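Please open the model in a viewer and follow the selections below in order.

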Amino acid sequence: MNLPNEKRQSFRESIRTFFATSHNVLWILLAVITLLFTLIIYPNLAVTKYTYKVGDIAEKNIKAPRDFYLPDDAATEANRRLAIRSVLNVYDNNTELKGRQVTKVRRAFKTFRTILTQAPPAPPAHVEPESSDTSSATTPAATPVDEVWLRKKEFDEKLGIEVSRGAFEVLEKNLFSKEIENLICQVYSEIMNNGVVANKELLLRHGDRGITLRTLDGKEESIAKNLRAFYGLEQAQTMVRIVADPLFKSKPEIGYNALNLIVDFTQRMLQPNITVNGSETEIRAKRAAEEVKPVLYQVKVGEMILREGERVTEFQLAKLKELQIQTKKRHLFSRSIGAALVTALFLIISYLVHYRPKSEELADRNKNMVFLATVLTLFLFVAKISLSVPGVIGASVEFDISETAVYFGMPVAAGAMAVCLFMGMEAALFFSIIFAALVTLVFSNQFAIFIYIFLSSAMGAYWMRHCRERKVFIKAGGRLGLLNLFLAIAVATYTQEISVELLAWSCLFAFTGGMMSGIVTAGIAPLLEMLFDYTTDIKLLELANLDQPILRRLMIEAPGTYNHSVIVGTLADAVASDIGANPLLARVCGYYHDIGKIEKAQYFIENQKDGKNRHDKLAPSMSALILTGHVKAGLEIARQYRLGQAIMDTIQQHHGTSLIEYFYEKAKAQKEDSEETVNPDDFRYPGPKPQSVEAAIVMMADVLEAATRTLDNPTPARIQGLVQTLINKIFASGQLDYCEITLKDLHIMAKRFNVVLSGIHHHRIKYPEKTGNGSKGRHGDSHRQQADDAPDSPENDRGEREGHLKRLGIT
């Protein structure tokens, strides 16, 4: 089209406006990416029908177009039998049995010990004759001993065993001693804690495999390997005396009869607390068999299924049939629609989950989405081209090179590295997932390719997080090459039979792919930076050079503003690093925030000479228009010099919507006698308020640097008070409402502002100019003199200059 320059410019502007303001951009991008990706994977969607029978001669070579699996029923059944044999027998451990029995013993002994140790009842005043048929159970005992013997059956029931009269007599004589009670409980507990089984012979059949020992409620279980440690019931009864003997030796006061009683009681109370649970064992064996996955014979992509001229075997035919079963379910059109839907849904869900929640302006969101779509499409084409590379290499060399090894040489990690460079690590990580998934579809659903591309892309982006120099691309590429080397070895080991030749080629191509990713990223980064108007740290470092044309122009045409901007940049840099913001961005924004003052430099106080203020002859409203106009002028200059959106945003936001108080008050004073009111909005900057932390830092640095120049004696205390007052004023006026700055951050910023401003406005010691005979002052060299102490007389000035020259050895 031969359009005039104005029409061409108008056309470009309309396109730019559409992408910046239209809500339909995302739908257009979705349709374009889906269509392109479907076209990229189109050859993989075709379905081929085979009609061979066993014994037929193959007419051509047939390779597997993708990975697929054949079920192996015999191997699956063998694995199920093995899984059943691997299930350990389940035994229940009744941990509550011991506690219940010990409680019974203690309650029985306590009850009868209480009866024997209580005071005997007083004899009744009148004793009624007893009837001959009244039972002893209802007749009150005359003494505690009688009552004990009358309640012997109750003792048996409490203990759970039948106690002989002789044993009961021993207990009665020992007053149901606490020592006997403790010894019975101690010996019983020790035996039961070890574990008692009903049939130890059956237990030992499990041999070295062990058993699963679980509590009755099934909440806890463990594997028991040392099965001989458990007692059989007879063995446990034998162990009672062995366990009790050392305890009796430490208590000689207990008689022999009591010893036999303790052993007898303990042996008779013993019960198996570990029992086999056949039903649970059977349930677990059945579950283990059901969890066995079918054994599948893997046919790998590229594997030769049939060779031309060979007879078709039953196994080869099974491969062909299984391939058709897995690929014949849908025809080409439906598969294409399915691929498109999968791609579209994947992109939509990815956007909804990750990108939509971010609070971005519509223009920024559209730009970022166009950028991601461009990078994604570009590197999908790179991946598609890589599919044909093995064939080209194989045709040009005499030796065989594995296709997978060649794929490792793809520089596809460059996509995620570029995204990290412009949008950060979080966006790059999500991009890596999307890109790896789509490339996996291109490579016929090879999961190993997904792992390789995702990990390589993610780590490549990680090493690009803090890229401020061009050499970082090469360093990241070298590191990525080494990582790819290990990833290639892991993937090759997982997917193929290992050989020295395969590993060698895989390592070579993988390292080359990593290095090429760094080189490709370095090559496309400037192009993407220009196309999408991104501002990287590398560009910021270039803009931080004070020899930039716009800064040199500012230095010449507005030297006061230039000096102010340099100091604001220094302040912003120092503060940003303390609160986790981007110090480089803050410093550069400080350098350029006032470039709009170039247009009318003499209307700003820092550039005025001879004490003449041009605003004295202007109306306050006109002065306000001139002051606020430097923001718009700065935006135009920034756009002309392509400084980047981040710097343009700071230029627009560094005054927020603050009020120009001086001219506002001046206008109010001029209209005090009239009924006309002054609208404060006419004296406000257009804004918006700072949207980023760096813009807010530049706002505060701008205000504080200018304000500290008005102090007559800028001592640290005065500077600290001024900083506190102005920051509180900015905060209270709501200028920081839309940026992520906390009160803690404000406190840290105030401390750093105090330190830097005190250093800038530090005091110097006054040095006397002369001390006689051309000697130095007592404080140092006489040529170090404050400007305020310079003599006013030209003659004196000339004489002093001559003196200085003489002292410097110049005649």
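Two strands are taken to pair if DSSP finds at least two bridges between them. The model is a predicted one.

Begin by selecting strand β3 (residues 90–93) together with β5: the two pair in the parallel sense over four bridges. Within this pairing, Tyr91 stands opposite Leu213 of β5.

Next, add strand β6 (residues 221–224), which runs antiparallel to β5 and is joined to it by four bridges. Here Thr212 is found opposite Ile223 of β6. The hairpin formed by β5 and β6 has five residues between the strands, and Gly218 in the turn shows a positive phi of about 75°.

Now isolate β5 itself, residues 211–215. Five of its five residues are buried, so the strand is largely enclosed by the rest of the structure. In a regular strand, side chains alternate between the two faces of the sheet. In β5 both faces are covered, with Ile211, Leu213 and Thr215 on one side and Thr212 and Arg214 on the other.

Turn then to the aromatic pairs, of which the structure holds 21. Select Phe112 and Phe155, an edge-to-face pair at 5.1 Å centre to centre with 85° between the planes. Phe112 belongs to helix α4 (residues 95–117) and Phe155 to helix α6 (residues 152–159), so the pair ties together parts 43 residues apart in sequence. Both Phe112 and Phe155 are buried.

Extend the selection to Phe109, Trp149, Phe168 and Phe176, which form one aromatic cluster with Phe112 and Phe155. Over the ring of Phe168 sits the charged end of Lys152, 5.9 Å from the ring centre.

Finally, select Arg465, which lies over the face of Tyr462 at 3.8 Å from the ring centre.

Methods. Residues numbered from 1 in each chain as written. Predicted model: local features only at pLDDT ≥ 70, side-chain atom pairs only at ≥ 80, totals over all residues. Heavy atoms only, no water. Buried < 20%, exposed > 50% of the residue type's maximum accessible area, 1.4 Å probe, protein only. Phe/Tyr/Trp six-rings, centres within 6.5 Å; stacked < 30°, edge-to-face > 60°. Lys NZ or Arg CZ within 6 Å of the ring centre and 35° of its normal.
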